[in-house]
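Let's go through this one by asking how each label gets earned. The structure comes up here, and then the questions start.

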Amino acid sequence: MLEDTLRVQTIYIVATASESTLRQRSTFPKHTPPTDSNASATEDAPKKVIKSVFTSAEKTNSLIALAGLTALAIISRFYKINEPDEVVFDEVHFGKFASYYLRGSYFFDVHPPLAKMMLAAMGYFIGYDGHFLFDNIGDKYNDNNVPYIGLRALPAFLGAMTVPLVYMTMREAGFPILTCALAAFFVIFDNMLVTQTRLILLDSMLVFFMMCSIYSYVRFYKTRNNPFTLKWWSWMIATGVSIALTTSVKMVGLFTVATIGVAVIWDLWELLDIRRRLTMQQFMNHFYARAIGLILIPVVVYLFWFYVHFAILTNSGPGDDFMSTEFQETLKGNTMADGIFVKYGDNITIRHKDTSVYLHSHEHNYPLRYDDGRISSAGQQVTGYSHEDPNNLWQIYSDNVENTKIGKQVKDKDVIRLLHVATSSWLLAHDVASPTMTTNEEITTYSINEDGSRFNETTFQIILESGGDKLRTMASNFKLLHQSTKVAIWTHAHKLPDWGFEQQEINGNKNLVQKSNLWLSDNIEGKNASEIDQESSKAVKTRSFILKFLELQGKMISHNAGLTDSHPYQSSPIEWPFLVKGISFWTENETRKQIYLVGNPLGMWIAVASLAVIIGVSGADLLSRRRGFYPLNQDVQKRFYYATGFFFIGWIFHYIPFFLMGRALFLHHYMPALVFSYMVLAAVHGFIFIEGVDGPISDAGPETRPRQLQRAVVPVIAYASGIILMAIHLGSFLFFAPLSYGTSAPSVAGLARRKFLPQWDYHFAK
Amino acid sequence: MYTSENIKRRNPVGSSFSRDQGHQQQQDDHHYNSQNENQNRASADPYGPNPLKPAFQQQQQHQQQHQSSVAAYGYRDHYQFGYAPPRKEYSANKYIRFYQENDYILIPTLLTLVSFWTRFRDIKSSDYVVWDEAHFGKFGSFYIKGDFYFDVHPPLGKMLVGLSGALAGYDGTFGFDSGAKYPDINYGFMRIFNAFFGAIMVPLAYWTSQELRMSQAACIFAAVLVLFDNAYLTISRFILLDSMLLAATCFVFFCLTRFRNERHDPFSLDWWLWLAMTGVAIGLVSSIKWVGLFVTALVGLNTIEELWDLFGDLSLPKTTYVKHWVARAACLIALPFSVYVASFALHFAILRNSGPGDAQMSSLFQAGLNGNDFRNNPLYVAYGSKVTIKNTGYGGGLLHSHVQTFPEGSGQQQVTCYHHKDNNNNWVIKNVKSEEVPEDAGSPRILRNGNLIRLGHEQTNRSLHSHRIKAPVTSAQWEVSGYGDDTTNDANDEWVIEVVDENSHHPKDGQLRSLSTTFRLRHRVLGCLLTAENVNLPQWGFRQIEVTCDTRNRTNSPHSIWNIEQHWNDNLPAGEGNLYKSKFWKDFWHLNVAMMTSNNALIPDPDKEDVLASNPSQWPLLAVGLRMCGWGDDAVKFYLLGNPIVWWGGTLSLGVFALTVCYYIVRRQRKFQDVTPMEWDQFLSAGKLLVGGWFLHYIPFCIMGRVTYLHHYFPALYFSLLLFSFVIDHFVNRPGVSRKVRNVVWAVAFTAVTFTFLFFWDVSYGIRGPAAETMTSRQWRGAWNIIDDHKPNTFI
């Protein structure tokens with residue numbers, strides 16, 4: 001409320017009363033005191049509204065710089081793009097997925113579809129038919145007749161285009177040409193960005209769209225004084241579409257959404273301020289406009305790509321097994337259609353969904369006493385067996401003794417009994433601890449010849465989790481819930497000792513919601529689909545897009561979280577900014593060549609230092625302002641927090657969330673954050689060496705008060721230090737270039753010199 | 001609060017201060033012009049905004065303006081600083097008048113008496129060892145007997161259990177086996193001793209609410225919430241640490257709020273008293289369980305906020321500011337730390353005898369315990385000796401192996417570090433094949449610096465072995481395994497002894513002595529060092545410590561340095577005590593690291609379903625209860641379950657508070673004054689403490705990988721209960737709310753809590769007879785296993 005106005009006044013008084021004692025930035029022009037709240041001070045100021053702070057000569061210079069940097073970017077990305085003519089690292093996945101699109105066969109991946117479809121489209125345009133499956137790292141492209149250069153050209157081009165976007169974003173944010181060029185230069189000559197964007201991978205698209213989002217948002221923010229104009233709408237929608245495209249490449253795009261989201265919320269909060277004199281209706285208009293442009297449109301765009309995804313992938317393929325039965329039935333050539341309805345009296349096999357073992361029993365009993373001294377029931381063993389065997393057959397009965405249901409179909413929630421055919425005994429669960437898990441119940445069988453006193457222990461309810469309400473082979477996943485003790489029949493990849501023939505343990509699980517409780521019946525003895533099955537039609541079914549989307553999205557998320565298997569090249573986020581560890585992408589034994597993903601070490605370490613400077617400067621500024629001392633000129637301070645701070649927030653949001661992720665992480669996950677850190681680096685360089693700022697840079701609106709032109713002073717030392725930084729960065733880039741491009745092999749001694757940190761384990765270092 | 005009056009009070013020189021001080025500041029820091037300030041002060045309206053003062057001081061002034069209007073509401077009828085409490089109108093009836101004059105003492109007394117009654121009544125109803133009494137009763141016994149034991153919790157709570165046993169005349173001989181019937185010991189007294197701590201939570205809640213400036217009805221309600229929560233009641237009535245932990249947490253929070261209310265009068269006697277009390281209290285709570293660190297964090301955050309506020313007070317002399325820092329450092333860091341250390345000093349002083357926890361400690365410490373026979377070890381270690389080998393790192397264990405194999409890597413026999421003594425820790429020192437020296441050539445050959453040895457595991461005959469295979473957890477280092485035997489062995493079984501230090505009065509001759517000599521074991525082929533770094537193996541390794549061969553050659557790391565602990569060799573004479581005493585600080589630190597390591601090992605086993613464990617997401621809405629004992633029909637059964645109304649209300653109030661704050665903030669941005677600045681400040685500062693306390697006691701459990709139980713939520717619950725009362729208080733004491741509505745709301749709240757408590761009476765005081773017959777109506781949520789043990793795990 002009142003406080004801000006008061007503080008501004010205070011600054012004014014401070015600035016005039018003790019201007020001569022301001023040591024830090026004493027060279028500022030006299031007009032530095034803020035003018036927006038103090039009407040008397042602006043009385044003398046020119047009433048001219050400034051269109052642009054930059055002269056036409058400056059604009060030409062900027063264009064020349066932009067063109068030069070773009071050319072460098074293209075050269076760096078396309079240099080010897082034909083080498084190696086072999087599958088490199090994750091081209092194994094993404095090349096393969098592009099092929100599947102071209103074939104139209106359904107596949108499953110944890111990432112949204114856009115980037116892979118772009119690759120496929122590229123392949124389509126250059127006449128690639130998707131015949132190659134990119135199975136192993138090192139498979140030869142030329143031998144397999146794959147137009148890989150064309151496929152790589154797309155990511156390389158977008159990787160190169162990221163550079164002019166970085167330049168223009170910085171420029172739009174009001175930084176001098178030197179600063180913008182510095183940021184772009186660092187992005188061009190970073191080894192990780194080069195390596196990762198010239199191969200058939202997704203990160204190039206990700207970073208490109210991410211920069212599109214940031215660029216559009218900066219343009220949008222600059223039009224804020226003219227709300228609801230065409231320009232305002234255009235840039236806002238461009239922002240919305242860009243964040244949607246980013247997210248459609250990888251879910252990491254959500255970090256970009258968060259970055260922009262924070263900026264938008266802050267902006268709205270400012271608009272809500274009573275001193276902005278917006279009525280509630282006007283404020284809500286602002287709110288709804290943003291809801292449409294930055295939420296609704298992005299959601300539609302994101303869904304659109306999934307729609308295209310499903311429209312292309314109409315054939316059954318390697319991704320079928322990830323999906324539900326209903327989903328698979330929508331694909332041409334799916335196996336679900338072969339399912340037969342199971343009837344009472346049928347002899348069926350029952351297979352565990354996760355571990356693919358059959359429910360099995362044989363004429364051997366549990367040992368009376370286990371190694372740990374516990375006693376068992378010594379009943380017949382029930383195990384999980386992975387091969388086909390007559391002992392896997394179970395005859396299905398209903399729970400009434402007269403068996404009146406024979407010949408009828410088994411339905412969901414039916415209570416059944418299972419008779420082991422080979423030994424004529426009923427499957428049974430009871431309150432005895434299982435062989436290896438004391439918390440779970442033992443599963444055994446009980447002979448048909450004994451009296452019926454244990455009838456209640458042999459009844460199980462069949463609960464279908466998918467595939468309709470009747471039990472069907474292949475199609476229905478079900479749980480077997482023991483009626484009297486409420487446990488589900490369950491198995492896990494744990495082998496029994498010798499007495500159990502190293503087959504898998506089967507027991508009764510008290511946790512009924514676990515996914516691993518699911519079983520399916522894969523066969524009925526003596527029947528097959530072509531013979532009897534009139535009920536099931538071979539026709540491909542349809543399913544609403546939204547259901548398909550929700551299922552796929554859920555699977556993507558759960559699968560992504562499940563990628564926890566450790567990988568020799570995985571690293572933890574804390575190591576990334578310091579580049580503790582690299583990733584070996586590709587090696588060739590004869591020539592001793594290697595592609596080793598590692599950033600430009602000197603550049604990245606300078607970037608980390610600049611991030612530390614940001615924290616230090618803002619901390620010092622905060623403390624001194626708390627003591628009533630304002631060390632930064634107001635415009636410099638504003639630029640520092642609004643522009644540099646925004647990039648810093650971008651870095652935070654694209655980096656910190658990785659610490660909360662449980663999955664295996666890799667160095668290349670740092671790429672988006674790395675681009676932000678280079679922008680921060682350039683901005684910090686400007687903060688240190690360049691006096692003042694160019695301004696105003698935002699469009700003036702009808703209510704904008706006249707503002708005075710301010711120009712940044714770029715001293716020689718700024719150019720000198722900038723050139724030194726670029727030289728260091730370029731030198732470091734060239735030094736590591738052989739490992740980034742994989743075009744020539746350094747000697748053993750050469751590799752030893754390139755081993756800056758102990759964990760950079762080059763393959764041919766010995 | 002730093003009003004101008006207060007500044008004057010602190011600086012008797014009065015107005016002359018600001019001029020002198022101001023000039024100095026201007027020269028130092030380019031502060032604003034003090035003349036300006038003085039002019040402004042002189043000329044401006046005393047309540048008018050002063051543009052030269054920081055914003056928050058403006059607000060303070062603003063508040064003063066509004067104080068009188070707040071007082072005019074008249075509902076805050078208890079002590080409040082800054083203005084005199086409104087005068088009470090006393091009744092003519094002398095009894096009522098007596099009550100009115102003395103309610104500040106009568107109400108808490110009455111609450112405390114009821115609390116004692118609920119906590120103490122029928123406390124001996126179960127004459128068997130219930131739930132974790134098995135642990136803590138046993139630990140108490142160790143103090144009575146003086147046997148050294150090891151546990152993951154700091155010692156204070158268990159020493160108090162020991163004290164209660166001693167007072168009850170218990171001699172420490174009972175084993176406290178789970179479910180065992182108590183023999184002839186006064187367990188009732190021990191339980192009452194514990195229940196006392198649970199009971200004093202009630203008056204503490206009352207007084208804390210007062211310090212948070214709640215109305216009298218709200219203070220009573222907060223106390224009643226604590227009083228009638230079944231979970232607090234149940235957990236307090238057994239020999240456990242939780243009642244002490246809870247009482248100490250409540251006490252810390254009480255001290256904190258009390259201290260906050262002294263902030264207008266810094267460095268006064270009361271200010272010092274409550275600051276010091278806060279310090280002592282956090283020392284006590286941290287010495288009971290490490291969970292106490294969460295409330296310590298709350299105190300820490302509050303301190304940072306206070307110091308930040310003071311930092312912005314430009315009128316505060318720098319020396320005074322430094323004094324604020326020093327006072328807090330002394331009282332909130334040094335003092336708690338001393339209390340914590342003192343509890344360990346007492347722990348070591350009481351436990352003088354060798355006991356089950358020996359192996360957790362360094363060899364020298366163990367040698368100093370009564371009943372330990374290390375002193376009789378033969379002094380010099382020779383080829384053919386049987387030894388146990390101890391890691392000298394803090395928290396280090398004994399080199400261990402067992403028949404189980406690595407499930408990955410080489411698949412050979414596991415080698416680990418283990419903290420308990422068993423025969424699998426025994427190793428035999430053998431010579432290597434390449435050196436043709438007979439092992440029993442008359443006199444044994446003494447080991448020296450640089451000797452090559454092979455270490456044979458006594459039980460399995462495998463040799464200590466390493467190779468170029470990645471270690472299972474620390475994959476940057478090589479795996480260490482047990483491989484081969486006396487006939488099949490290779491160069492990868494050979495280790496070089498490097499003597500590091502000889503803590504002995506004997507000459508430094510490079511000979512290996514048991515206990516006193518420390519040494520490294522370097523792999524001859526790989527050149528790496530045998531290392532154990534407090535990294536727990538997964539479940540397949542029984543969560544023992546991983547042993548690796550470290551290639552980094554960190555020769556100074558204590559985790560790569562070992563000593564011989566026990567030593568048997570029939571051919572050598574027994575040693576005669578030659579020992580340095582271990583140092584207290586080393587032992588203290590060693591024990592703390594060991595506690596940390598064991599705590600980290602308590603992570604859930606994915607293969608086993610633990611029916612007692614629960615997930616943090618289940619707690620706030622009470623989706624889970626906990627059976628504290630066997631569920632036989634004849635047994636008196638206790639079910640740890642909160643009062644649902646209390647728990648749900650507490651959780652709901654968190655949401656209501658957050659929404660209310662958002663509402664007010666948005667409205668303030670539009671210049672609507674829903675509450676006076678004074679009320680807003682009060683609402684926010686009390687709410688901040690309560691929500692912060694809840695958050696700090698709850699969220700860490702969601703993050704940490706450790707196995708969690710329902711009772712871990714209890715400290716967090718306390719904050720949500722106070723917030724529950726606080727939020728109701730805020731809404732019923734609004735200007736638009738009539739007295740009638742207010743009374744009805746309170747009546748409903750009190751009744752609901754009381755009746756739910758009575759309804760769940762048996763759950764806390766013991767279910768007698770088959771649970772299914774009597775408890776069906778108490779089964780409010782599907783996942784509670786009061787009756788049926790086969791309920792699915794549900795979240796939230």
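Confidence first

In chain A, residues 1-47 keep a pLDDT under 50 (pLDDT is the predictor's confidence in each residue, from 0 to 100), and the model gives them 50 contacts beyond four places in sequence (contact means heavy atoms within 4.5 Å). This is a predicted model, in which local features need pLDDT of at least 70 and side-chain atom pairs count only at pLDDT 80 or more, while totals for chains, interfaces and linings use all residues. Residues are numbered from 1 along each chain as its sequence is written, chains are lettered from A and ligands numbered from 1 in the order in which they are written, and side-chain values use heavy atoms, with hydrogens and water left out.

Q: Which other stretch of chain A has a pLDDT below 50?
A: Residues 532-536 of chain A do, and that stretch has 9 contacts in the model beyond near neighbours in sequence. Where pLDDT is low, the predicted coordinates should not be read in detail.

Q: How many of the residues in chain A score at least 70?
A: 91% of them, and the chain A average is a pLDDT of 85.

Salt bridges

Q: What makes A:Glu329 and A:Arg472 a salt bridge?
A: The term asks for a side-chain nitrogen of Lys or Arg within 4 Å of a carboxyl oxygen of Asp or Glu. For A:Glu329 and A:Arg472 the closest N and O atoms are 2.8 Å apart, so the pair qualifies. Over all chains, the structure holds 41 salt bridges.

Q: What does the pair of A:Glu329 and A:Arg472 tie together?
A: A:Glu329 sits in the loop between helix H14 (325-328) and strand E1 (347-352) of chain A, and A:Arg472 in the loop between strands E8 (460-466) and E9 (477-482), so the pair ties together parts 143 residues apart in sequence. Helices (H or I, at least four residues) and strands (E, at least two) are DSSP runs, numbered from the N terminus.

Q: Why is A:Glu329 called buried?
A: Buried means under 20% relative accessible area, exposed over 50%, partly exposed in between (1.4 Å probe, protein chains only). A:Glu329 has 10% relative accessibility, so it counts as buried. A:Arg472, at 7%, is buried too.

Q: Why is A:Lys555 called partly exposed?
A: Its relative accessible area is 26%, so it falls between the two cut-offs. A:Lys555 forms a salt bridge with A:Glu551, their closest N and O atoms being 3.7 Å apart. A:Glu551 counts as buried at 12%. The two are 4 residues apart in helix H16 (residues 545-561) of chain A, which means a separation of about one helical turn.

Q: How do you know that B:Glu565 and B:Lys421 form a salt bridge?
A: Their closest N and O atoms are 3.8 Å apart, so they pass the distance test. This pair links distant parts of the chain, 144 residues apart: B:Glu565 is in strand E12 (residues 562-568) of chain B, and B:Lys421 in the loop between strands E3 (413-418) and E4 (427-430). B:Glu565 is buried at 0% relative accessibility, whereas B:Lys421 is partly exposed at 37%.

Cores and buried side chains

Q: Which residues touch the most other members of the largest nonpolar core?
A: A:Phe585 and A:Phe647, in a core of 156 residues. A nonpolar core is a set of buried Ala, Val, Leu, Ile, Met, Phe, Trp, Tyr and Cys residues joined through side-chain atoms within 4.5 Å. Beyond four places in sequence, the contacts of A:Phe585 include A:Val88, A:Ile137 and A:Leu597.

Q: Why does B:Phe197 count as buried?
A: Its relative accessible area is 18%, so it comes in under the cut-off. B:Phe197 lies in helix H8 (residues 187-211) of chain B. Its C-alpha atom is separated by 5.5 Å from that of B:Met244, 47 residues apart along the chain.

Q: Is A:His286 buried or exposed?
A: A:His286 is buried, because its relative accessibility is 5%. This histidine lies in helix H13 (residues 280-312) of chain A and touches A:Trp232 and A:Leu271, among others.
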